[in-house]
Every structure is written in structure tokens, then in C-alpha cells.
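This note is addressed to a colleague who wishes to inspect the coordinates before using them. Please keep the sequence and the structure open while reading.

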There are 2 protein chains.
Amino acid sequence: MTALLSCRWQSARLVKRAVPTVTRSLHHHIDTLSLAELLGATNLRKRTPEDYKVLREIYTSFERYNAVGNDIQLTLKERTANEMIMCEKKREYEKGIMDPTKFAPGYHIFEVLHKVQESPLFQMLQKMPKGGALKLIDSSISSLDWVIKVTYRENLWVCTTNNGCHIEEFRFSKEKPKDSDSKDGEWQTMAQLREYRGEENLKKYLLTRLSMYPLTSFTTNDHAWQHLMGIFYLLQGLLRYAGVWGDYFYNALKEFYADGVQYIELRSLIPSLYCLDGSRLPARVAVEIYRDTLRQFKEENPGFIGCKLIYANLRHVEPNVVAQYVKECTELNKEFPGFVIGFDLVGQEDKEHPLSRYVPELLKLPDHIDFYFHAGQTNWYGSHVDENLIDAILLGAKRISHGYTITKHPILMNLAKYMNIAFEVCPVSNQVLQLGSDYRNHPAATLIAENVPMVISSANPALWRAKPLSHDFYMAFLGIAPMNADLKFLKRTAKNSLRFSSLKDEGKAKGMLKWKKEWDEWVDLIVEGKLMVDEKGSSKKENTPKTSK
Amino acid sequence: MTALLSCRWQSARLVKRAVPTVTRSLHHHIDTLSLAELLGATNLRKRTPEDYKVLREIYTSFERYNAVGNDIQLTLKERTANEMIMCEKKREYEKGIMDPTKFAPGYHIFEVLHKVQESPLFQMLQKMPKGGALKLIDSSISSLDWVIKVTYRENLWVCTTNNGCHIEEFRFSKEKPKDSDSKDGEWQTMAQLREYRGEENLKKYLLTRLSMYPLTSFTTNDHAWQHLMGIFYLLQGLLRYAGVWGDYFYNALKEFYADGVQYIELRSLIPSLYCLDGSRLPARVAVEIYRDTLRQFKEENPGFIGCKLIYANLRHVEPNVVAQYVKECTELNKEFPGFVIGFDLVGQEDKEHPLSRYVPELLKLPDHIDFYFHAGQTNWYGSHVDENLIDAILLGAKRISHGYTITKHPILMNLAKYMNIAFEVCPVSNQVLQLGSDYRNHPAATLIAENVPMVISSANPALWRAKPLSHDFYMAFLGIAPMNADLKFLKRTAKNSLRFSSLKDEGKAKGMLKWKKEWDEWVDLIVEGKLMVDEKGSSKKENTPKTSK
């Protein structure tokens, strides 16, 4: 009780101390004042048209100075490439302004996915070395076409209900499994089910069952989450089998690299994998397989920079479970010090517990392991989900996943900027999970205008059948950024993805060199007009197979 | 040429002078720095849970301090009323969080219009004295039910195509009109058409033809505008008849006052009205009729504060026409000095000319007549429409209509705050004109968080069959503002509508007294539980008839 009182008293004292500072700072926006002084602001009406022109020029130079990419100096060759890119971007813009039904970022990705892939601008962006994808969930990054191939492997059983119409669970097993979470489920081999339902028919079913398609399958953020969690549940049986775990990861690396991504950071539950006989392996094995697979992939693809893991377990638990998470993450970090580098909590934020509930447990994480919190993935302003953003930042996160609600917290946004906390913006994910509909209204536009640290990522691209990162880049570049955002914006955004990664100084420097090499090659290809062909035509990396999608 | 060079040189010099200021100001956010210092920011991870609690408390007090309404002190009675209002608000929130399909601000107004009217929160807000509605277009403010009654008046002719199925034009005339803008149109009396199509059928047709309903009638901002302009065109024939002009305005005043609005500012084209014999009256007559009607209404309703006119003509014209507008506005202001008080340009911003094109002409407006520009009513970031916002603010506007794109221009937003330029936020209009779909993503949330001057208005409520101002207030309070925004927010917003009006000091003081009287009565009614009945039940103003809607 005394401790509580003392804490309250201390708090009151600090709040009191804070008030004059706040008064001073909030009501005297020094930058605005300076600008206003410069403009001679008190009466803007008393001007000649010539004066006005000067005034406007000063203002627009302020804006330019402030936005993402202003610091980039393009080379002569890059300037030529820029002209070619901007020519395509302007073409899409002008078409859209003439007839808004032709502007892809005004629509849901499901409606325009294939149309976008035909766009010359998209094709340029797809080949662009985009640096790193820093916000990915490890079980939703290999294309569904590849996942469906896995269902042809030996020893795969499937539990169905409704006379085989609904798949409840997958499991690799020597014998027919006896238990299932589904009460009325019946087990049969995948081969039997394929025979029964017909190969093409079953493939079509799986493409829907394992994705967020069709558009009509949900209408609110809440429904979307239920749907999403259902997919993850179903994927578990396939991907957590020790014999698939590494292959899935290897294929994801391949697909991402082919899409211009040289580095990734994965959120993973780091599960206990299972074997054919039903036995379980310790969590560390999952990490080990990732590490060895990565090593192999890097040997085969020297241009690839690397991958790091963020330990990310489910958030809807009691504090003592979070304490367990913290312990497990610390141990994994000890065993894989350069590989398991961060901590997060995942799952729908709206449900149950706010981040603030776990503060004492979270603060026990050694501070060389960074926080990379999911936070503010909502449009319920003032809700506990919205407030998670406050805790994520005050807890000193290195990056924030989504932070969709950040523009509703201007002080917090400035604080994040000051402390170099980057936002992982995932445009397509936000749309599919029903936070917003039109990309032109995405809050990241404000981050771009304010030059708040941000990176573009794709979260679960496989679940919306999108390319690993290109669709998100396309929507950000065409739909979210301003019309005049150009190669400088793209270059800064790509570079930021390494800058705000968890790579240490030396790794960052090496990574930047690898990126720069591919970037220069890409600029050459653009300038030489070699990226202006249709999708099936060119491929910049001959020794890395293209994605199978 | 010399002049141009000298101007360029001056500009270059000024820009050069600006750079160090910008560098200093943009990279040293003093407020953030102070906050960070206070937090001891460099490593937020090294904290005890108790320290963290204090830190979080300081931060949230910063946020509270900064938001709209923080300066309001509630009386004891208001606090009781606040609890009752917040109880209803929380009920709607909780229902929505449990099941988002039940949360009205997540939907299009057309889908939830009637459901909203049944909400106890809406009923409280409807009776609330909301102060002024500062952004209204004068030809879309009387309910359609009333407008349809006008079509029963004598001497009304109607020009139709498609065998009477499509109405092209209305006209009051002694004789059958000879001319029409519609090539194949045929004139008949309204009575004949009513006989031919059936009364109920025609009424239904008009309710659609004169409104933006149904939801499916357009899918882009561009289509919505075409539809809107079509309605305005059709209304002209009805409302610009000298015998209807004053009645329409009188009815609008009645409906607004019944909806808790005591003051309005109207954008008007101030047209030349026509008479039964087809002759035209000078524009000044339209103003005169407004003035006399207002005088009569104020005599009958001493609680009503008043109305002012903003001269607002169409923007898609050559600069010399804008010069004509400026001249006409100046003359009207000379004749009606306290009544015609401002200038604006209206119509779809996307089409054709930006504001910057008219700078020399606009600067000729005497500076006692204020600018109230429509600007930034778009989500095309970086387009000329988006840039209109820069010009509107740098030209020294007193208020900005919409400014939907303002959060993409943080420096401009701070400048507007510093110079007390208020944004006229019209939530429902923005949705119907397809700028955004979910109220929870409306950019005004940032204005609220930053305490940027703003007022809530309704633009053209009749065209979406909404109440004069209540639906906009409901969506703003429940959908845009944070969960904890309460009576302090409502009171500040109502007061701001008078504070940022064009009323002069004395008028403002008098107006505030009239508002305060009704506000106190409303608080009494809330506290006494008299507003908890269904819509048809209570009416606070016995001598002002309720709206006929």
C-alpha cells in the first residue's frame, strides 16, 4: 500500500512537472511559428500575385524537404530510369483520373490482382530489388500452388466433415490418426479424398479454403480474423510436420528472392514439430531447420542477404504464459544468438488482453533482444487495441507491426520518429483484414509526408494469392504515396528496409552492398528497356527459379 | 521579362533563406524532444514496472491535454448528463466490438439511416443545441418531402423524355415553355404527368431522382459528382422561381432549428431568379428575399441566432469570369454588408482548373470579405485538387470546406492550427461522394487529436435524406472521435461552430448567450430523463414545428 501511494505520489509529481513542458511545447509549434514568421503570416491577404508566387514556392519547398526520399541523390542513369518509371506511373494516374474505375488502388486486391500483374509499372516494381521484407508470418509466405503440391506427399491424412466436403485437419502419419479436434471428423488418406472429390475440384476447394478468397466470404475485420485463424489452424497439420517445415521455408526464400526481396525477418511461433509416428520435437529443432535451410539457400544464392527470426507467440493468454514465452525466447536467443533476435505477441488484438497487461513480464526480456510488437491494427480509435500502440512505443519497441492507428496519436508519431521506431506498413493485409478499402485513404500517406520511419511488407501474401512483396509495393507507390513520389521514394524505402532491420552494423553494410549490386543491375535493365515486356518474358536472376504462381 | 527575372531571383533568395529555418524546425521537434527528455528516452527498456506505469500516465495526460474539448469544465449537472450520454455511447461501442455488423459508423449512411434514428444516442444528439452549421449549399437543405410538396404548386411544367419516364427539367410558367436544354424533351404540366404516372409512383421516382439514392447508382467519386450535379440542375427549375425561393429558405431554417441548429452560413450561387412570364430578376433580389425571410423567421423564433451568405459560384471558368465573380461579390457585400460576407468557388474540384490559376483575380477581393474555400475534397494525394489546399490556406482563407486531404500535409495542418483556420468537416457528404467508406477512417480523427480548429457540418443533407445536422454529429461523435470523447467534446464542437463563424464580436457574444440558454435546457432534459423516449415522443421547442421528415 505504501509502495502504491508512493508510486501515485511520484506519478502526480511527474505529471505536474510535465504540464508546463507540455504547455510550452504543444502551443508553440516552433516549426510552424518559424514558417509563419517567414511568410509574414498575420495577414496573408495583403499580397501581390508576385509575392504570392514566392510564398507558395517557399511552402512547397518545405513540403518537398520533409517527405520520404528527399535526401536521395539520383545518378544520371537513375534519372533516366526514373523518367521511364514515372512515365508509366503517370499513365496509370491519368487513366484513373479520367475514369476512376480504371485505378487499381481504388479497388480490393481480389478484384484487381491479375489486372495489376499486367501493368508495366508493376512489372518494373516486381523486378526491383526491394531490400528486406520485415513483417512476415512464417506460415503464410509460400504460394498456395506450392502448398497444394505438398498435399500430394506420402502419408498425408485428412480429417473431413460433411461427407468429405469440408476439410478440418491435415496430418502426416504412418497409421490412420485416432484423435481429432473435430468431433464428427473422419480420417482418410489424401489420396482417397482426391479420388472421391476429383483432383481439379479438390484443388479449387483448397485454393479457397487456404486463402481469404472469395471477397464475399467476410464483411468485417472480426469475420476476417476468424477466417484467417481458421486457415492457420488448417496449415498447422501440413507445415509443422518435420518433413515439410524446412522445404516450406526453402520455397518461401526462393519465391521472395525471385520477387526482388534479398532479406527477410520472420515472426514465428517456433512450434514443436511432429514426426510420422506422432512424436514431438523440441521447439529448438524448428529453429535449427530454419538455420540450416537458410545456410543452404545462401550458399546457392550468394546475392541473398539473410533471414532473422522474431519469436512471436499468441497473445490471448494469462500473464504467466507470457512469462513462459519470455523465458523460451531468451533461451532460444542464447542458443541462436544472431538468428532469434526479437519478441512479439500475435493474434487478433481486438480479442481480450491489451499489451499493458503483460508489462511486468515483458520487461524481464533481456534488453539485447528487441521488441517488434504488433500494435494498433484497428480502426477503433481509443479502444484498448488502439492503446496498444502507446504501450508498444513506450516499451521501447524497435519496430511496430502495422500501427494502423498511429495518425490518431500525433504526439506518439513524433516520438516514434524521434526514437527511430519504424512502422511495418502492410497495405494489402490492412485491406484484406477490412481496416480500410481504398488505398488512397491509407494512413501511411501521413508517415510518408512526415518522414516517419516506415518499411513496406506483406505479412501473409500467400493467403491473398499476391506476389511475395510486389503487390504491396505497387499499392504503396501508386495508391498511398503522393503522385510525384518517384525513384527517390522507392530507393529510400528499399534502403530503409535494411536500415531498420535487426542486422548489426557489419551485416547491414554487407547487406547494403549486395542490395546495391542488384539495384544497379535493375537500373541498367530499366534504362535498356528490358523490363518493358510482358510478365512471362524476362527474368533478371537466371539461377533463381521464378515463383510458381 | 525583367520583372519575371527579378521575381525568380527574389524567390531563390527567399527559398535559400528558408532552408536553415526549415532544417532547424523540422528536425528539432521541440515538443517531442521535451517529451523524450521527460521520459528519459534513450533506452525505454531499462525500467521497472512501477516506472513504466508513471511513464504511461505522463504520456496519456499529454494526449488528453492535446485533444479537442480538454479545456471544457463541466458543471455538476453536465457531469450527470455526461454519464447518461456516455452510457448510451458505450452501449453502441460494446455492441459494435462484439459484433461489428451492428456498428452503424462502419456502414454507408444509406444502409443505416433509419436504424440510426432509433438509437437513443442519436435522439439525444438530435435535440442537442449544436450551434451553427457553417458549410451548407443553399439548394440542398430543405427535405425532399417538402420539395415534393412544391411540385404540387400551380403553373409548374415539367419536361420529360423516354415517354414521361425521365424528368429533364422543371419550370414555373403561365404558358407551355417553348425552349429546353433537353433535345428530345416534351413539356407537359406536372398535373398531367402525375395523372399519367400515378401519384405514388411519381413521388417514389422523385425521391430517387432528387437524391443520391440508391447506393448502387454510382461507384466512384467521379460518378457521384455527375449524379450530384444532375440533381442540382433539376432543382434549379423549382427553386430559382421567385415564388419558391423564399419559401424554400424559410422551410430550411425551420428544419435546421428543429434539429438543434441555431445559426447557419450558406454557400449560394446567388442566382438570377425567374418569374412566371420568364423574365429574370437581378441577383440582388435573391439576397433580398433571403434577408427578409430571415428577418421574419427570427421574429417568430427569437432563439434563432441568424444566417450569413457566402457568395459561391462555379469554379470551372476562365480567370476573367472569376474576376466577374469577385466584382459581383464585392457589390453584393456593399449592398448587404453584414449579410453577404464571404467568397468561395464550388463544383467538383477534380475537373479542370486549380485554385492557383485564379490567384491574381482572387487577391482583388477586398480583404474584409473572407475566403471560405472548398479545397482538398479528394483522395488523390499530390493532385491539383490536393494542392488546392495549399492555395486555400496560403491565400488566407478563414475556413476550409472539407480539406479531406489535410492529414497528408502535416506542415500545412500545423499552419492552419496556428492561424486559426477551421476545417468544415462533413462526414456524411464525404462518404456519399465516395471519398471514404468507414467513418472510423475519416481523417478528422487526426484533427481532433491535434486540436486543429474544426466544425461539423452537413453540406447537402437533403440529398441523402439525412436530418439537417444530427446524422453528421452522430457519425462524428461515435465513428470519428475517440471512444472516450464525451460531452466536453460535444460542447467544444458546438461552441467552435460559433467561434469560427463569420459573426463579429458582438454578434458572437449574443449568439453564444442564445446557444447557452438552449444548451442548459437540453442538459436539464437529459438529466430529467426526458430524452429517453422514442422519436415521435418529445419535442423541446413547442413553437417550432418539427421537420416533416
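The numbered points below treat chain A as a whole, then its strands, and then selected backbone features in both chains.

1. Status and overall make-up. The model is predicted. Chain A comprises 21 helices and 11 strands. Of its 549 residues, 62% count as buried.

2. Surface and contacts of chain A. The accessible surface of chain A amounts to about 21200 Å². Carbon and sulfur atoms contribute 53% of that surface. Among the contacts in chain A with a separation of 6 or more, 76% are made by residues 24 or more positions apart.

3. Enclosure of β6(A). Strand β6 of chain A spans residues 306-314. Eight of these nine residues are buried, and the strand is therefore largely enclosed by the rest of the structure. The cut-off behind this statement is a relative accessible area under 20%.

4. Pairing of β6(A) with β5(A). Strand β5 of chain A, residues 261-268, pairs with β6(A) in the parallel sense, over six bridges. Within this pairing, C307(A) in β6(A) is the bridge partner of I264(A). The two strands also belong to a right-handed β-α-β unit, in which the helix is α12 of chain A, residues 283-300.

5. Pairing of β6(A) with β7(A). Strand β7 of chain A covers residues 340-346 and is likewise parallel to β6(A), with six bridges between them. Here I310(A) stands opposite G342(A), a residue of β7(A). Helix α13 of chain A, residues 319-335, completes a right-handed β-α-β unit with β6(A) and β7(A). Strand β6(A) thus takes part in one such unit with β5(A) and in another with β7(A).

6. Cis peptide bonds. Where do the prolines that follow a cis bond lie in the two chains? In chain A, a cis peptide bond links Y213(A) to P214(A), with omega about -10°. P214(A) is located in the loop between α9 (199-209) and α10 (221-239) of chain A. In chain B, Y213(B) and P214(B) are also joined by a cis peptide bond, and omega is about -10°. The loop between α9 (199-209) and α10 (221-239) of chain B holds P214(B).

7. Positive phi at N163(B). N163(B) is not a glycine, yet its phi is positive, at about 60°. The residue sits in the loop between β2 (156-161) and β3 (166-172) of chain B. Is N163(B) buried or exposed? Its relative accessible area is 63%, so N163(B) is exposed; the threshold for that class is over 50%.

8. Positive phi at H402(B). H402(B) is not a glycine either, and its phi is positive, at about 70°. H402(B) belongs to strand β9 of chain B, residues 399-402. With a relative accessible area of 5%, H402(B) is buried. The two residues can therefore be set side by side: N163(B) is exposed, whereas H402(B) is buried.

9. Helix α16(B) and the residues after it. How many of the nine residues of helix α16 (residues 410-418) of chain B are buried? Eight are, and the helix is mostly covered. The buried residues include P410(B), I411(B), L412(B) and M413(B), and N414(B), L415(B), A416(B) and K417(B) are also among them. Just after this helix, N420(B) adopts a positive phi of about 60°.

Note on methods:
Residues numbered from 1 in each chain as written. Chains lettered and ligands numbered in written order. Predicted model: local features only at pLDDT ≥ 70, side-chain atom pairs only at ≥ 80, totals over all residues. Heavy atoms only, no water. Buried < 20%, exposed > 50% of the residue type's maximum accessible area, 1.4 Å probe, protein only. Helix = DSSP H or I, 4+ residues; strand = E, 2+ residues; numbered from the N terminus. Pairing = 2+ DSSP bridges. Right-handed = clockwise from strand over helix to strand, strands pointing away. Contact = heavy atoms within 4.5 Å. Areas by Shrake-Rupley, 256 points an atom, 1.4 Å probe, with all protein chains shown as cover.
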